[in-house]
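Thank you for asking me to look over this model before you begin working with it. My remarks are set out below as numbered points, and they are meant for someone meeting the structure for the first time.

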Amino acid sequence: MVEEREKDISEALYKDLSKPEFEAFVSEIAAVKSSCEEALKELKQWMKPEKAKTSMTAYPSSAEIVSEPLGAVLVISTWNYPFLLSIDPVIGAIAAGNAVVLKPSEIAPVTSSLLSELFEEYLDSSAVRVVEGAVPETAALLEQKWDKIFYTGSPRVGRIVMTAAAKHLTPVVLELGGKCPVVVDSDVDLQVTARRIIAGKWQLNNGQACISVDYIIATKDFAPKLIDALRNGIEEFFGADPMESKYISRIVSSNHFSRLERLLDEYKVFNKIVVGGQRNQKKLKIAPTIFLDVPEDSQLMQEEIFGPLLPIITVENVKDSIDLINSKPEPLVAYLFTNNQKLRNDFVQNVSCGGMVINDTVLHVTVSSLPFGGVGESGMGSYHGKFSFDAFSHKKAVLYRSFSGDSPVRYPPYTPENKKLMRAVMNGGIFDIILALMGWSRD
């Protein structure tokens, strides 16, 4: 499906988001193909029962963990990566043997319509369906009983999904978001750091991504150097006038543009702009914009930005960044740039987040052996690679025994000798069992 209809998919993403062709290919089309290929290659291995150790109390026996489908599952997708974030969970659900209903986002209507068309043409409609629509359709779907619900989107809607799921005791995976911080130490390669931050912000759907860089923490002395490097990198990648660049996505809708404009114009922050600030409501474009030292109580620092605005917060010592991050709800991902081994270790040990990348941004999502998911406010559950298969599987515990080895110790009457032997078996020590069989004990 993806190979034959790549051009249609790319065009739909451009119509919905003005997503550059190369970005659409790398971040959505190629990523979906990679997930498909891995599932096809690894599925037999994923499905194999996993051997488990048994205890002395069950001797002789063997045990295994068997993966089985959950049943009928609901996948509610989002608009910022409307192809990837619709298909990727569906791959895991199909691989695990489930029937799937996909509800794509109405905010990316062209991609939603294309998904409906493609699924009907390429997939088995008795097992996989697309339901298009907006809030009423989503609400009607949530009223049904599902064996699992997988939701990608905002924490506000995540709470609605979880409330609906609770009525039927339906388990959920919630892929949410949060304010993803970048801590930049002063000992870094400044040019490489700036390029990688730009890649994790404005090259990433113009900041409209749950793993996008949301704010930067740097020391007061180092921040001006970092701003200069970012300014130079933005000009290098997007030209002297980024508003005319063909390498930046537009804002998805007028509603989201207005939300970002309110953040941009808040009286607490509008005079803190050090780079960018240009906007064009007609074209739904906002230039890469950097702020310096915005107040902590500003809306820019209180809500997930999900756009091209990037505040820089300064601290006296880079170590203070850990307490600053931990004072906020857990982010989906946290980033650190440093050559300091101790700072790196402290960051890994003490910052709670869904995932973490050291000396780069966003690339962790390309490593399928790592689970992708949040913690706390940024979500629950994870997927990618085998984790997707596991997310849509029930892990059934199976114990096998024969009719031999049926010890009378297990059954009444419980004589003193039987009790002594049973206690030894329950303690699990082979020496205690031998003593009990000989009529002795440690006592």
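**Notes on the predicted model**

1. A useful place to begin is an open sheet of seven strands, whose pairing is mixed and whose strands run in the order S10-S13-S14-S9-S8-S15-S16. Strand S10 (273-275) and strand S16 stand at the edges of this sheet, and each has a single partner strand, so one side of each is left without a neighbour in the sheet. From one strand to the next, the twist averages 25°. Please keep in mind throughout that this is a predicted model.

2. Within that sheet, one pairing can be followed in detail: strand S8 (residues 181-184) and strand S15 (residues 333-337) pair in the parallel sense, over three bridges. Here Val-183 stands opposite Leu-336, which belongs to S15.

3. Turning to the chain as a whole, its secondary structure comes to 15 helices and 18 strands, and its C-alpha atoms fill a box of roughly 90 × 55 × 40 Å when this is taken along the principal axes. The chain has 443 residues, of which 48% count as buried. Among contacts with a separation of 6 or more, 68% are accounted for by residues 24 or more positions apart.

4. Into which domains is the protein chain divided? The assignment gives domain 1 (5-176 + 383-396), domain 2 (181-373) and domain 3 (407-438). The centres of domain 2 and domain 3, taken over C-alpha atoms, are separated by 64 Å.

5. Charged pairs deserve a point of their own, since side chains of opposite charge can pair when their charged atoms come close. A search of the whole structure finds 22 salt bridges. One of the salt bridges is formed by Glu-121 with Arg-5, where the closest N and O atoms are 2.9 Å apart. This pair links distant parts of the chain, because Glu-121 lies in helix H4 (residues 109-122) whereas Arg-5 lies in the segment before helix H1 (6-17), 116 residues apart. Glu-121 is partly exposed, with a relative accessible area of 47%, while Arg-5 is buried, with a relative accessible area of 14%.

6. A salt bridge is also formed by Glu-68 with Lys-396, and in this case the closest N and O atoms are 2.8 Å apart. Glu-68 lies in strand S2 (residues 62-69) and Lys-396 lies in strand S18 (residues 393-400), so the pair ties together parts that are 328 residues apart in sequence. Glu-68 counts as partly exposed at 27% relative accessibility, and Lys-396 is partly exposed as well, with a relative accessible area of 33%.

7. The side chains of Asp-228 and Arg-231 also meet in a salt bridge, at 2.8 Å from N to O. Both residues belong to helix H8 (residues 223-238), and because they are three residues apart there, they are separated by about one helical turn. Asp-228 is partly exposed, with a relative accessible area of 39%, and Arg-231 is partly exposed, with a relative accessible area of 33%. Elsewhere, salt bridges that share partners join Arg-5, Asp-8, Glu-117 and Glu-121 into one network.

8. Lys-285, which has its place in strand S12 (residues 285-286), should be read with some care. How far away is the nearest side chain of opposite charge? That side chain belongs to Glu-244 and is 6.8 Å away, and Lys-285 is buried yet has no salt bridge. Because a salt bridge requires the nitrogen to be within 4 Å of a carboxyl oxygen, the pair with Glu-244 at 6.8 Å is not counted as one. Leaving aside neighbours within four places in sequence, the residues in contact with Lys-285 include Met-243, Ser-245, Ile-248, Arg-250 and Phe-257.

9. A last position to examine is Val-375, which lies in the loop between strand S16 (355-358) and strand S17 (379-380). At 30% relative accessibility, Val-375 counts as partly exposed. Apart from neighbours within four places in sequence, Val-375 is in contact with Glu-330, Ser-352, Cys-353 and Gly-354. The C-alpha atoms of Val-375 and Ala-72, which are 303 residues apart along the chain, are separated by 25 Å.

Note on methods: Residues are numbered from 1 along each chain as its sequence is written. This is a predicted model: local features need pLDDT of at least 70, side-chain atom pairs count only at pLDDT 80 or more; totals for chains, interfaces and linings use all residues. Side-chain values use heavy atoms; hydrogens and water are left out. Helices (H or I, at least four residues) and strands (E, at least two) are DSSP runs, numbered from the N terminus. Buried means under 20% relative accessible area, exposed over 50%, partly exposed in between (1.4 Å probe, protein chains only). Contact means heavy atoms within 4.5 Å. Domain bounds come from an automatic or database domain assignment. Two strands pair if DSSP finds at least two bridges between them. Axes are lines fitted to C-alpha atoms, for helices over the stretch in contact, and angles run from 0 to 180 degrees between N-to-C directions. Lys and Arg count as positive and Asp and Glu as negative; His and the chain ends are not counted.
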